[in-house]
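Visitor: I should like to take a close look at a single part of this model, namely its salt bridges and the residues that form them. Please set them in their surroundings as you go.

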Amino acid sequence: MSNIKFADIHGGTINGNDDKNSKRIYLEIKANPARKKFGFGNKAVLVNIDPQKAYTCVDEFKTAYETDPNQLHYVNKLAEEFRRLGWPVVWTHVAYMGSGEDAGIWGTRTDTEDSLQNIKFDSRRSEFDDRLDIDKDKDVIYLKKMPSAFFETQLQSLLVWHQVDTVILTGGSTSGCIRATAVDSLSRGYRTIVPEQCVADKHESFHYANLTDLLLKYADVEEVDDVLTWLASQQQR
């Protein structure tokens, strides 16, 4: 294996074939950033990606995962601050037809009770986690079919209407829908923020490897307390 170095990316000396695990690499880069942050803008949207029982009820579903046990508590705190400011709060979830055809090619790799395309409408797996505080009168709920929260939803139009310049992402998975949405967010010109304690994945290696990639390329990965502090300093506009 070639000795690939990341010095040109983050200014460090981590080699592509050393024995550092993904969490250690992430923490080293986080502690010694070599690129400036995108930073917060003037107004933000909170996009909570797929915090539904299929992915949050770890005692019930094989597809569920947990990284920080306080994740949903932090998400609720963020949502509360956004509502105080009158800023948009978005929740997405996935669910599919009985035939699964609306999952497209994504739903063809497996066909078990745990498979993506078998998260059916009105099923327990499709429901939002009961621990979430969702205001069904004020919050926006989108059904999505693919990884990115932007793909074939009305999210872009909502952001234009609210004149936001910053997208804050929570939910999961870090390596899947969070990453896909972050890339789309950046591509649309938005400052993109990922509160570290508010995203999760099936395994630590996936989680931290993708936090590293997001931090280096597509988003600012911030402590949730720092995001809450920024929100507390804002005024409704």
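Is Lys-20 buried, partly exposed or exposed, and what is its relative accessibility?

Guide: The model is predicted, and what follows should be read in that light. Lys-20 has a relative accessibility of 23% and therefore counts as partly exposed, since the buried class ends under 20%. The side chain of Lys-20 meets that of Glu-28 in a salt bridge, with 3.2 Å from N to O. Glu-28, at 25% relative accessibility, likewise counts as partly exposed. The pair belongs to a network of salt bridges in which Lys-20, Arg-24 and Glu-28 are linked.

The structure as a whole holds 16 salt bridges, and two others deserve attention. One of them joins the side chains of Asp-130 and Lys-53, again with 3.2 Å from N to O. Asp-130 lies in the loop between strand S2 (89–94) and strand S3 (140–144), while Lys-53 lies in helix H3 (residues 53–56), so this salt bridge ties together parts that are 77 residues apart in sequence. The two partners fall into opposite classes: Asp-130 is exposed, with a relative accessible area of 61%, whereas Lys-53 is buried at 3% relative accessibility.

The other is the salt bridge of Arg-124 with Glu-60, whose closest N and O atoms are 2.7 Å apart. Arg-124 is placed in the loop between S2 and S3, and Glu-60 in the loop between H3 and helix H4 (71–85), so the pair connects parts that are 64 residues apart in sequence. Arg-124 is partly exposed, with a relative accessible area of 39%, and for Glu-60 the value is also 39%, which makes Glu-60 partly exposed.

Disulfides offer no counterpart to these links, as a search of the whole structure finds zero. For Cys-57, the nearest cysteine sulfur is that of Cys-177, 17 Å away; a disulfide would need the two sulfur atoms within 2.5 Å. Cys-177 is likewise in no disulfide, the nearest cysteine sulfur being that of Cys-198 at 16 Å. Both residues count as buried, Cys-57 at 16% relative accessibility and Cys-177 at 9%.

The surroundings also include a pocket. The largest pocket encloses about 480 Å³ of space. It is lined by 23 residues, of which Tyr-55, Trp-106, Ser-115, Leu-116 and Lys-202 are the closest to its centre. By character, the lining comprises eight nonpolar, nine polar and six charged residues.

Technical notes
Residues are numbered from 1 along each chain as its sequence is written. This is a predicted model: local features need pLDDT of at least 70, side-chain atom pairs count only at pLDDT 80 or more; totals for chains, interfaces and linings use all residues. Side-chain values use heavy atoms; hydrogens and water are left out. On a 1 Å grid over the protein atoms alone, a cavity is a set of points where a 1.4 Å probe fits but cannot get out, and a pocket is an open set with protein on both sides within 12 Å along at least five of seven lines; lining residues have an atom within 4 Å of a point. Grid points are joined across faces, edges and corners, and a volume is the space filled by probe spheres set on the points. Ala, Val, Leu, Ile, Met, Phe, Trp, Tyr, Cys and Pro count as nonpolar, Asp, Glu, Lys and Arg as charged, and the others, Gly among them, as polar. Buried means under 20% relative accessible area, exposed over 50%, partly exposed in between (1.4 Å probe, protein chains only). A salt bridge is a side-chain nitrogen of Lys or Arg within 4 Å of a carboxyl oxygen of Asp or Glu. Helices (H or I, at least four residues) and strands (E, at least two) are DSSP runs, numbered from the N terminus.
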